[in-house]
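Please open the model in a viewer and keep the sequence panel visible. The tour below proceeds selection by selection.

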Amino acid sequence: MSEDFGPTFITVTDDEGKEIVLEFVDALEHNGQLYQAFFPAETEGEEDDPDNGLVILKVIHEDGEDLLSTLDSDEELDEVYDLFMESLFSDEE
């Protein structure tokens, strides 16, 4: 994805109905599944939350639309997180 026009932001709604703005970081495909990584966007008036880290969501196709969903298990999350870390840090070298 080109950053010629600046970062890409999306807004998602959590289980409690709170809207969260996320900044797109990277995407990867693993075992036939597309995953996207985001960081919570810093918003004015909000304190830095130490719990705000990398957010990984998977792209699912439902009724002809692409939707973002949480991962199904901690094992899946750990595996995909490690792949994103490898990808992100290998870009810096």
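## Stop 1: Two loops with positive phi

Begin by selecting asparagine 31, which is exposed with a relative accessible area of 69%. Asparagine 31 sits in the loop that joins S2 and S3. Its phi is near 55°, a positive value in a residue other than glycine. As background, most residues other than glycine have a negative phi.

Next, select aspartate 63, in the loop between strand S4 (55-62) and strand S5 (65-69). Here too phi is positive, about 55°, although the residue is not a glycine. Aspartate 63 is exposed, and its relative accessible area is 75%.

## Stop 2: The whole chain

Now display the full chain as a cartoon; the model is a predicted one. The secondary structure comprises one helix and five strands, and along the sequence these follow the pattern β-β-β-β-β-α. Of the 93 residues in the protein chain, 24% are buried. Among contacts with a separation of 6 or more, 29% are between residues 24 or more positions apart.

## Stop 3: The aromatic pair

Select phenylalanine 24 and phenylalanine 38 and show their rings. How many aromatic pairs does the count come to? The count comes to one aromatic pair. Phenylalanine 24 and phenylalanine 38 form this pair in an edge-to-face arrangement, with 5.8 Å centre to centre and 75° between the planes. Phenylalanine 24 belongs to strand S2 and phenylalanine 38 to strand S3 (residues 33-40), so the pair ties together parts that are 14 residues apart in sequence. Both phenylalanine 24 and phenylalanine 38 are buried.

## Stop 4: A buried aspartate

Move along S2 to aspartate 26, which lies in this strand (residues 19-30). Is there a charged partner to look for, and where is the nearest side chain of opposite charge to aspartate 26? The nearest such side chain, lysine 58, is 19 Å away, and aspartate 26 is buried yet has no salt bridge. Show serine 87 as well: a polar contact of 3.2 Å joins its side chain to that of aspartate 26. Beyond its neighbours within four places in sequence, aspartate 26 is in contact with Tyr35, Gln36, Ala37, Phe84, Ser87 and Leu88.

## Stop 5: The largest nonpolar core

Select Leu28, Tyr35, Ala37, Leu54, Ile56, Leu71, Val80, Phe84, Met85 and Leu88, the 10 residues of the largest nonpolar core. Which elements give two or more residues to this core? They are S3 and helix H1 (74-92). The largest share, four residues, comes from H1. In soluble globular proteins, nonpolar side chains tend to be buried together.

Within this selection, centre the view on isoleucine 56. Not counting residues up to four places away in sequence, isoleucine 56 touches Tyr35, Gln36, Leu71, Leu77, Val80, Tyr81 and Phe84.

## Stop 6: Isoleucine 60

Finally, select isoleucine 60, located in strand S4. Isoleucine 60 counts as partly exposed, at 26% relative accessibility. Leaving aside neighbours within four places in sequence, isoleucine 60 is in contact with Glu65, Asp66, Leu67 and Ser69. To end the tour, add tyrosine 35: isoleucine 60 and tyrosine 35 are 25 residues apart in sequence and 9.2 Å apart in space, C-alpha to C-alpha.

Key
Residues are numbered from 1 along each chain as its sequence is written. This is a predicted model: local features need pLDDT of at least 70, side-chain atom pairs count only at pLDDT 80 or more; totals for chains, interfaces and linings use all residues. Side-chain values use heavy atoms; hydrogens and water are left out. Buried means under 20% relative accessible area, exposed over 50%, partly exposed in between (1.4 Å probe, protein chains only). Lys and Arg count as positive and Asp and Glu as negative; His and the chain ends are not counted. A salt bridge is a side-chain nitrogen of Lys or Arg within 4 Å of a carboxyl oxygen of Asp or Glu. A polar contact is a pair of N or O atoms within 3.5 Å; within protein, one must be able to donate a hydrogen and the other to accept it, and residues adjacent in sequence count only if both atoms are side-chain atoms. Contact means heavy atoms within 4.5 Å. Rings of Phe, Tyr and Trp (its six-membered ring) pair if their centres lie within 6.5 Å; planes under 30 degrees apart count as stacked, over 60 as edge-to-face and the rest as tilted. A nonpolar core is a set of buried Ala, Val, Leu, Ile, Met, Phe, Trp, Tyr and Cys residues joined through side-chain atoms within 4.5 Å.
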